[in-house]
Amino acid sequence: MNSSEGNPQHIVVIGNGMVGYKFCEKLIAKAPGKFKLTVLGEEPRPAYDRVHLSAYFSGTTAEELTMAPISWYEQNNISLHLRELVTGIDTATKIITTHKGESISYDKLILATGSSAFVPPIKGVEKAGVFVYRTIEDLDAMLAYAPKARTAAVIGGGLLGLEAAKAAMDMGLTTHVIEFASRLMPRQLDEAGSDMLKKKLENLGISIHLNKSTTAILGKPGVQKMLFAEGSELDVDMIIVSAGIKPRDELAVKAGLAVGPRGGIVVNDALETSDPHIYAIGESALHGSMIYGLVAPGYDMADTIVTKLIGGEKTFKGFDMSTKLKLIGVDVASFGDPFIAEPHARTIVFEDRIKGIYKRVNISADGKYLLGGILVGEAANYNLLLQTVQNRIIVPPDPKDLILGSRGGNTEAAGAGVLSLPEEATICSCEGVSKGTICSSIKDNTLSDVAGIKKCTKAGTSCGGCVPMLGDLLTATLKEMGQEVKTILCEHFQYSRQEILDLVKVNNIRTYDDLLNQHGQGDGCEVCKPAVASILASTWNELILKQATIQDTNDRYLANIQKGGTYSVVPRIAGGEITPEKLIIIGQVAAKYGLYTKITGGQRIDMFGARVDQLPDIWEELVNAGFESGHAYGKSLRTVKSCVGSTWCRYGLHDSVGFAIQVEERYRGLRSPHKLKGGVSGCVRECAEAQSKDFGIIATEKGWNLYICGNGGAKPQHAQLFATDLDTATCLRYLDRFLMFYIKTAEPLNRTATWLNKMEGGIEYLRQVIMEDSLGICADLEIEMAFMVDTYACEWKEVINNPELRQRFQHFVNTPESDPTINFRPERGQKVPVI
Amino acid sequence: MLSTQNPRTSQTEVSFWFKAAEVSAFPENGGACVKYHDQQIAVFYFTRRNEWYACQNMCPHKQQMILARGMVGDQCGEPKVACPFHKKTFSLITGENLNGECYEIQTYPVKVEDGFVYIGMKE
């Protein structure tokens, strides 16, 4: 390149979207200070993440979506012009002009003008209530309109359309998707894949209409009705058009640059337009008759130009359109050639209509190579499959292993898969980072965690899809380097949780500070403090407020923090059984302190909106009325849910309520690596939903069946049947051993389900430990649990009787005033916070 | 007397030392909130280092008045506080977010004299 020293080349980028930004980032990283850089964007804010735009509706702020703050541009001496529209390019004098009348001359010009939403010419499309889904301003307009609407229709069932449908759902609207083609995501999915996705989305409450062409939008003044070509109609109050994109090539047209017959700025493999000083990248560029509407090819285009500008060699040779995304909680992926079929390929299809999983892989006619495929409902293998396509790796002798896994019951196949990839295999396709780059970065920079890899290589920083593979590569590389791979707590303790528990016990360590002095370094942090607090509580069972500042805020104030900084109060209602008198007390206390009340999922009552200074007074009244802490704030036993059982129910076999109360009172206050939930059902009808709990007990004719390691929440998992037809004493003994073994061996914040999933040997191993005492520790586990049961004391009772502890429940330390920013408004007859 | 090195309100810029509260009002290795006119300021006592830090009480992530109730600690030696709501962490020296996000908090110099904690204000 011929940039002379002292007078650097001036590079002007038109467009400050994701790809325009990425160009700047890459240029600054590879040649800091070598070029003069000017960026013009017409939007009012710097580039933001459009890929995750729908997160804006679920609470992510515009700032969080921003790729880099304005200060980043300043620090790197980039002259950033926002809200400035470029109106002309004079290719002869190499000068651009803006709507403000400014003229800027360039040496090289990058057109990263992106695209706008394609709005089909439907009658009535200009009406109020019709939106496009493209910018944060579009979203703000929708949010402003949505309160007036109840039903929304999205025109377009492609990738973006379904994102828009999620947004409509998040705004609380009844949502319809209208697609012209016979299937959803027609560029990515085949008929069967679309079918499966359609079912899943319909289960979530979205109505899908295929083969429908909108002919008119009616309503006065705003949208009220849509008419379709075949004569049907649909009542809606809001429409989001997401029928495709239109490259923003108007500036290029005006400047006389070549554009395609259907739009898009024509570029060659070097991404030069018809003027060699002007490049086009991203969604505005037309390369080999393709417009790439994904971010990864755009980034690769940016990288191509940057490489050339700094004197390297790189051309853009088209890009794989493989993609994986999570649509409204449903994994969908499409890779390689998803549609190729006989006679050019042989396909294997797996379909599980119960779980809603569809997988298709296309194998070359000779059976050697994977050519492409489709995954719906489960796409954990996507990266590996994509690598297998791109690197032409010979597929296993039985290619169905690719989608079903090797069914020998071990999970090593996936890990071995990453390692079998060649060095040049692209792991992060968004940032274009190869396996070799990642592994050498781990070695050269002695990285020890995925965060470090992200920082050094940028891999995993865009869509995040490759992060699990980064973890596998890290573990494998460290192992290869002869380093012991272990899960240490954090930078302050080079020990696992289990090792710390042993240190605490063996050395009789009672405080966090002692542990840090003897076995740690630094000041600690928000990871190790609560983890150690939990260990100390599980070992010594002393009042946690003796070390208040190592507790999470919920434990520090023995209540659950809520929006606005107030807390909620949950007294224990063991087994969900409560007398009318006690119900009245709760009502009286809630009324006296003006608390919002709600029945929880664990069969008790939550009182919200208590200021920190009110907590001791509220609890004093509750404790005096015979209540005790419900530990809803702790990583500890929450509730043991019960059905009504044999006392009342004509189907009940045993007294499930009585047993639930006995179990809940046995383990109340027990601190553990994560929260614990239990359930007891009086018969197989399972009304207590015990099989979704960490431990579930279900009555049988002969006794109790014990289920363990179930989980509700984000990753639901059924509990597994551990032992059958137990008598009450044996059931409790197994529970004692199981819970204590979990407490002693799980990593921090791992629920029992995760713990079991990671355990070598699985439930069979756990049975040997707990039922057959294969480790010879059962007697100890029982003694340790007996100590915890014997030393239980209600934390709130201790606090209300201790003036010094009560004193800590204050918002300010220099005035008795409460937090003046706390505010409530009424809703459905109660108060709720104003944020 | 101890104080923080704050790039935005350096000691020399302090026009007024606000007398916040007695040292004993603050928990060890933790924080508490003080009121100064309409402002809420979180004050942290790093007992292990015998150092004091102060910052705005509002977490900029979701605009919650909460940082004083956060856990303190360090990241590679840099003193920090973690917001109890979503565990966003902030340097107590520069106020910068340590999770790589682009908001930051105001920090203030602190000094201790005769058993009282003072916060350095810039009018």
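User: In this predicted model, how many bridges join strand β10 of chain A to strand β11 of chain A, and do they run parallel or antiparallel?
Analyst: Strand β10 covers residues 151–155 of chain A, and 4 of its 5 residues are buried, which leaves the strand mostly covered. Its partner here is β11, made of residues 174–178 of chain A, and one pair within this ladder is A:Val154 with A:Val177 as its bridge partner. The number of bridges that join the two strands is 5, and their direction is parallel.

User: Which strands stand at the edges of the open sheet β13-β14-β15 in chain A?
Analyst: This open sheet consists of 3 strands in the order β13-β14-β15, with antiparallel pairing, and the twist averages 20° from one strand to the next. An edge strand has a single partner strand, so one side of it is left without a neighbour in the sheet. The strands that fit this description are β13 (214–218) and β15 (233–235) of chain A.

User: Which residue of β14(A) stands opposite A:Ala216?
Analyst: Strand β13(A) is joined to β14, residues 225–228 of chain A, by 4 bridges, and the two run antiparallel. In β14(A), the residue that stands opposite A:Ala216 is A:Leu227.

User: At what angle do helix α1 and helix α8 of chain A pack?
Analyst: Two packed helices are described by the angle between their axes and the distance between the axes. Here α1 spans residues 18–30 and α8 spans residues 295–309 of chain A, with axes 9 Å apart, and α1(A) passes α8(A) in a right-handed crossing. By class, their contact has 11 nonpolar, 1 polar and 4 charged residues. The angle at which they pack is about 35°.

User: Which element gives the largest share of the largest nonpolar core?
Analyst: This core has 71 residues, and those touching the most other members are A:Phe23, A:Ile110, A:Leu111, A:Ile281 and A:Ile305. Leaving aside neighbours within four places in sequence, A:Ile305 is in contact with several residues, among them A:Phe23, A:Ile110 and A:Ile281. The largest share of the core is 8 residues, and the element that gives them is α8(A).

User: How many residues does the second, separate core hold?
Analyst: Apart from the largest nonpolar core, there is a second one, whose members include A:Ala117, A:Ile178, A:Ile206 and A:Phe335. The number of residues in this separate core is 63.

User: Why does A:Ala192 count as partly exposed, and not as buried or exposed?
Analyst: A:Ala192 lies in helix α6, residues 191–203 of chain A, and, not counting residues up to four places away in sequence, touches A:Val349, A:Glu351 and A:Tyr358. One of these, A:Val349, is 157 residues apart from A:Ala192 along the chain, yet their C-alpha atoms are separated by 9.6 Å. A residue is buried with 20 or more other C-beta atoms within 10 Å and exposed with 12 or fewer, so a count in between makes it partly exposed. A:Ala192 is placed in that class because its number of C-beta neighbours inside 10 Å is 15.

User: Which elements of chain A give two or more residues to the side that touches chain B?
Analyst: In this interface, 26 residues of chain A are in contact with 34 residues of chain B. By class, the side of chain A that touches chain B has 6 nonpolar, 10 polar and 10 charged residues. The elements that give two or more residues to this side are α2 (62–65) and α18 (553–556) of chain A.

Technical notes: Residues are numbered from 1 along each chain as its sequence is written. Chains are lettered from A and ligands numbered from 1 in the order in which they are written. This is a predicted model: local features need pLDDT of at least 70, side-chain atom pairs count only at pLDDT 80 or more; totals for chains, interfaces and linings use all residues. Two residues are in contact if their C-beta atoms, placed from the backbone, lie within 7 Å. Axes are lines fitted to C-alpha atoms, for helices over the stretch in contact, and angles run from 0 to 180 degrees between N-to-C directions. A crossing is left-handed if the near helix is turned anticlockwise from the far one by less than a right angle, and right-handed if clockwise. Ala, Val, Leu, Ile, Met, Phe, Trp, Tyr, Cys and Pro count as nonpolar, Asp, Glu, Lys and Arg as charged, and the others, Gly among them, as polar. A nonpolar core is a set of buried Ala, Val, Leu, Ile, Met, Phe, Trp, Tyr and Cys residues joined through C-beta atoms within 7 Å. Two strands pair if DSSP finds at least two bridges between them.
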